[in-house]
Amino acid sequence: QVQLVESGGGLVQAGVSLRLSCAASGSIFSIFTMGWYRRSPGKQRELVAAITSGGTTNYADSLKGRFTISRDNSKSTAYLQMNSLKPEDTAVYYCNAENMFYSVISWGQGTQVTVSS
């Protein structure tokens with residue numbers, strides 16, 4: 001089993017930066033992809049970014065250049081650097097993990113990011 005714990009969310013003003021962390025524990029050897037998703041009230045959950053163990057990344061088109069995902073395999077941790085935050089970035093951000101067979105094996109409980117104007 002894999003457990004994921006997000007941290008780093010908070011209440012910030014527009015224009016500032018935050019870095020979210022997702023720490024994985026348990027059967028970390030089974031993790032191939034780690035990703036960040038977010039859900040805003042009234043909206044579906046959407047992919048923010050994902051990264052494989054080899055460093056291949058995938059981003060939501062609208063967030064490319066402003067959000068950056070990274071991963072430290074030695075620490076079993078994924079990060080999401082969020083720059084120039086906007087009020088529309090307000091959401092609960094969730095970390096997930098997938099195995100090499102593209103199956104989701106874990107979700108974190110989420111961390112709230114609130115961006116005020």
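In the predicted model, Tyr 37 has Leu 47 of strand E5 as its bridge partner. Tyr 37 itself lies in strand E4. E4 spans residues 33–39 and runs antiparallel to E5, with 6 bridges joining the two. Their hairpin places 6 residues between the strands. Within this hairpin, Gly 42 adopts a positive phi near 80°.

E5 covers residues 46–52 and also pairs with E6, residues 57–59. This second pairing is antiparallel and comprises 3 bridges. Ala 50 stands opposite Asn 58 of E6. The E5–E6 hairpin has 4 residues between its strands, and Gly 55 in the turn shows a positive phi of about 100°. Of the 7 residues of E5, 5 are buried, so the strand is largely enclosed by the rest of the structure.

The aromatic pairs number 2. Tyr 37 and Trp 107 meet edge-to-face, at 5.1 Å centre to centre and 65° between the planes. This contact links distant parts of the chain: Tyr 37 in E4 and Trp 107 in E10 (residues 104–107) are 70 residues apart. Tyr 37 is buried because its relative accessibility is 18%, under the 20% cut-off. Trp 107, at 33%, counts as partly exposed.

Tyr 94 and Trp 107 make an edge-to-face pair too, at 6.5 Å centre to centre and 85° between the planes. Tyr 94 belongs to strand E9 (residues 91–98), 13 residues from Trp 107 in E10. Tyr 37, Tyr 94 and Trp 107 thus form one aromatic cluster. The ring of Tyr 37 also carries a charge contact: the charged end of Arg 45 sits over it, 5.9 Å from the ring centre.

Note on methods: Residues are numbered from 1 along each chain as its sequence is written. This is a predicted model: local features need pLDDT of at least 70, side-chain atom pairs count only at pLDDT 80 or more; totals for chains, interfaces and linings use all residues. Side-chain values use heavy atoms; hydrogens and water are left out. Buried means under 20% relative accessible area, exposed over 50%, partly exposed in between (1.4 Å probe, protein chains only). Two strands pair if DSSP finds at least two bridges between them. Rings of Phe, Tyr and Trp (its six-membered ring) pair if their centres lie within 6.5 Å; planes under 30 degrees apart count as stacked, over 60 as edge-to-face and the rest as tilted. A charge sits over a ring if NZ of Lys or CZ of Arg is within 6 Å of the ring centre and within 35 degrees of the ring normal.
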